[in-house]
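Subject: Structure handover

Hello,

Please find the structure below. My notes on it follow.

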Amino acid sequence: PVTIVGVAEGTFITVSRDTPATNLVIGGDMSAMRVRRKNRSGSINVTLTQGSDSNDVFSQILRNDEDAMNNDWLFSITVKDGSGRSVFFSPQAYIANMPNIAFGTDAENREWVIQCIDITSHVGGGGLLDPSTTDTLDAVGYTPDASWIAP
């Protein structure tokens, strides 16, 4: 596994899906329906400092992928909130493109876009779960790790 180092100050990871899970469609007579989509593709944007060693890693992976012209350089990716329960995973991902590059009198950031074929996600909180919330989570089919359940 590769651990990303040299992330920028402030927001340094952004996860987004390309297509909403559902779309509301309203007819001319105000009838309503929803269209569900199982498309879980999306992107993970990673913002690194200009001096981050991970720029070298991403740059070489992108170059290898461009040169190979096959799927040898697809990789899996996991993003886990170290202080909470949020976790995102894609079994197939690739670096979409080189970031826009700027040089100046101050250090600049590099935003890398990692395109994901199928993101599995859980957006969780960061505090201990009370018994009522734990019961609700159980009822909807989610079992949090025991370390997050209040005594």
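Start with the contacts across the chain. Among contacts in the protein chain with a separation of 6 or more, 58% join residues 24 or more positions apart. Keep in mind that this is a predicted model.

**The chain as a whole**

The protein chain has two helices and eight strands. Along the sequence they come in the pattern β-β-β-β-α-β-β-β-β-α. The radius of gyration is 20 Å, well over the 15 Å that the globule rule gives for 151 residues, so the protein chain is more spread out than a compact globule. Its C-alpha atoms fill a box of roughly 50 × 50 × 35 Å along the principal axes. Of the 151 residues, 25% count as buried. The accessible surface comes to about 10,200 Å². Carbon and sulfur atoms account for 52% of that surface.

**Strand β4**

Look at strand β4 next. It covers residues 42–49. Seven of its eight residues are buried, so β4 is largely enclosed by the rest of the structure.

Which strands pair with β4? Strand β1 (residues 13–17) is one of them; the two are antiparallel and share five bridges. Strand β7 (residues 109–116) is another, also running antiparallel to β4, with eight bridges between them. Two residue pairs help you find your way. On the β1 side, T14 has N45 of β4 as its bridge partner. On the β7 side, I44 stands opposite I114.

**Two polar residues in β4**

N45 lies in strand β4. Is N45 buried or exposed? Its relative accessibility is 16%, so N45 counts as buried, the cut-off being under 20%. The side chain of N45 makes a polar contact with the side chain of E111, at 2.6 Å. Leaving aside neighbours within four places in sequence, N45 is in contact with F12, I13, T14, E111, W112 and V113.

T47 is in strand β4 too. At 14% relative accessibility, T47 is also under the 20% cut-off, so it counts as buried. With neighbours within four places again left aside, T47 touches V7, A8, T11, F12, N109, R110 and E111. E111 is thus on the contact list of N45 and on that of T47.

**The nonpolar core**

The largest nonpolar core has 15 residues. Which of them touch the most other members? They are I44, F58, I77, I114 and C116. At least two residues of this core come from each of β4, α1 (54–68), β5 (75–80), β6 (87–97) and β7. In soluble globular proteins, nonpolar side chains tend to be buried together.

I44 and I114 appear here again, and they are the pair that stands opposite between β4 and β7. F58 deserves a look as well. Not counting residues up to four places away in sequence, F58 touches I4, V46, L48, I95, W112 and I114.

**Two methionines with positive phi**

M30 is not a glycine, yet it has a positive phi of about 70 degrees. M30 sits in the loop between β2 (22–26) and β3 (32–36). Its relative accessibility is 62%, over the 50% cut-off, so M30 counts as exposed.

M69 also has a positive phi, of about 55 degrees, without being a glycine. The loop between α1 and β5 holds M69. M69 has a relative accessible area of 70% and is exposed.

**After the last helix**

S147 lies in the segment after α2 (131–139). Is S147 buried or exposed? At 52% relative accessibility, S147 counts as exposed. Its side chain makes a polar contact with the side chain of D145, at 2.6 Å. S147 and L128 are 19 residues apart along the chain, and their C-alpha atoms are separated by 8.1 Å.

**In short**

If you open one element, open β4. Seven of its eight residues are buried. It pairs with β1 and with β7. It supplies at least two residues to the largest nonpolar core. Then turn to M30 and M69 for the positive phi values, and to S147 for the segment after α2.

Best wishes

Definitions and conventions
Residues numbered from 1 in each chain as written. Predicted model: local features only at pLDDT ≥ 70, side-chain atom pairs only at ≥ 80, totals over all residues. Heavy atoms only, no water. Buried < 20%, exposed > 50% of the residue type's maximum accessible area, 1.4 Å probe, protein only. Helix = DSSP H or I, 4+ residues; strand = E, 2+ residues; numbered from the N terminus. Pairing = 2+ DSSP bridges. Core = buried A, V, L, I, M, F, W, Y, C linked by side-chain atoms within 4.5 Å. Contact = heavy atoms within 4.5 Å. Rg over C-alpha atoms; globule rule 2.2 N^0.38 Å. Areas by Shrake-Rupley, 256 points an atom, 1.4 Å probe, with all protein chains shown as cover. Polar contact = N/O pair within 3.5 Å; in protein donor to acceptor, adjacent residues only side chain to side chain.
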